[in-house]
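Ready to try a few exercises with worked solutions? Have a look at the structure first, then work through the tasks at your own pace.

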Amino acid sequence: MNYEKYIGVTMDFPTKGISFKDISPLLRDKTAFHNCIDDLAKLAEPYHPDLLCGPESRAFLFGAALAYRMGIGFVMARKAGKLPGVVYQISYQLEYGSATLAIPQKSFEPGQRVLMIDDLMATGGTFSALKELIAMAGGDPVGALTVIRLKELAGEKNIDVPCSSLMDL
């Protein structure tokens, strides 16, 4: 399926020079979203994940649906201050600022195979931080999966795990 026609583009958002990729049209179209999850499942199968893990918030949409489709669990990496109890957290740089992600300390059993998921890969900063966070919590980050990869930024080179995406923009 050609998913590119379901991705909106807004120039200079959230800051000047950024080309925001809007997944709302993809989520709104029942056939496109259903096919997207099925196609993500096909891409995810070779990783043999025990769990999926994705950062707040758009990864939650794809990650939860994909986990359901694959019959596995999903771990939410939340923004700082959003989780109770003891957490691991990591701060990192984005293309237009910084962010902090956190997960509960007991998110993974030692050695569980964890496939990272997000809607988009740009420079790979979020995936790199997520990979480190998963390892801190005892998981084994086996790969990164996205709906969109911004090919000119080549973020997969900064992650050091295999990466798969449905489309390159």
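Contact here means heavy atoms within 4.5 Å. Keep in mind that this is a predicted model.

**Exercise 1.** Find out what covers the buried residues of helix α2.

*Solution.* Start with the residues themselves: in α2, Ala32, Cys36, Ile37, Asp38, Leu40, Ala41 and Ala44 are buried. Next, look at what covers them: the list includes α1 (24-28), α3 (58-70), β7, β8 and β9 (163-168). Now go to the start of α2, where the backbone nitrogen of Thr31 has a side-chain oxygen of Asp29 within 3.2 Å.

**Exercise 2.** Check the span of α2 against what its 15 residues should give.

*Solution.* The helix takes in residues 30-44. The expected span is 1.5 Å times one less than the number of residues, so α2 should reach 21 Å. In the model, the C-alpha atoms at its ends are 21 Å apart, which agrees.

**Exercise 3.** Work out which strands pair with β7 and how they run.

*Solution.* Take β3 (residues 51-55) to begin with: 3 bridges join this strand to β7, and the two run parallel. Here Cys53 stands opposite Met116. Then take β8 (residues 140-149), which is joined to β7 by 8 bridges, again parallel. In this pairing, Leu115 of β7 faces Gly143 as its opposite number. Last, add the helix: β7, α4 (residues 125-136) and β8 form a right-handed β-α-β unit.

**Exercise 4.** Is Asp118 buried or exposed?

*Solution.* First place the residue: Asp118 sits in strand β7, and 8 of the 9 residues of that strand (113-121) are buried. Then use the cut-off: buried means under 20% relative accessible area. Asp118 has 9%, so this residue is buried. Now see what is around Asp118: leaving aside neighbours within four places in sequence, its contacts are Pro55, Ala59, Thr126, Phe127, Leu145, Thr146 and Val147. For one more distance, try Arg78, which is 40 residues away along the chain; its C-alpha atom and that of Asp118 are separated by 13 Å.

**Exercise 5.** Describe how the rings of Phe60 and Phe74 are arranged.

*Solution.* The structure holds 3 aromatic pairs, and Phe60 with Phe74 is one of them. The ring centres of Phe60 and Phe74 are 6.0 Å apart and the planes meet at 75 degrees. Planes over 60 degrees apart count as edge-to-face, so that is what this pair is. Now locate the partners: Phe60 is in helix α3 and Phe74 in strand β4 (residues 73-79), so the pair ties together parts 14 residues apart in sequence. To finish, Phe60 is buried, with a relative accessible area of 17%.

How values were computed
Residues numbered from 1 in each chain as written. Predicted model: local features only at pLDDT ≥ 70, side-chain atom pairs only at ≥ 80, totals over all residues. Heavy atoms only, no water. Buried < 20%, exposed > 50% of the residue type's maximum accessible area, 1.4 Å probe, protein only. Helix = DSSP H or I, 4+ residues; strand = E, 2+ residues; numbered from the N terminus. Pairing = 2+ DSSP bridges. Right-handed = clockwise from strand over helix to strand, strands pointing away. Polar contact = N/O pair within 3.5 Å; in protein donor to acceptor, adjacent residues only side chain to side chain. Phe/Tyr/Trp six-rings, centres within 6.5 Å; stacked < 30°, edge-to-face > 60°.
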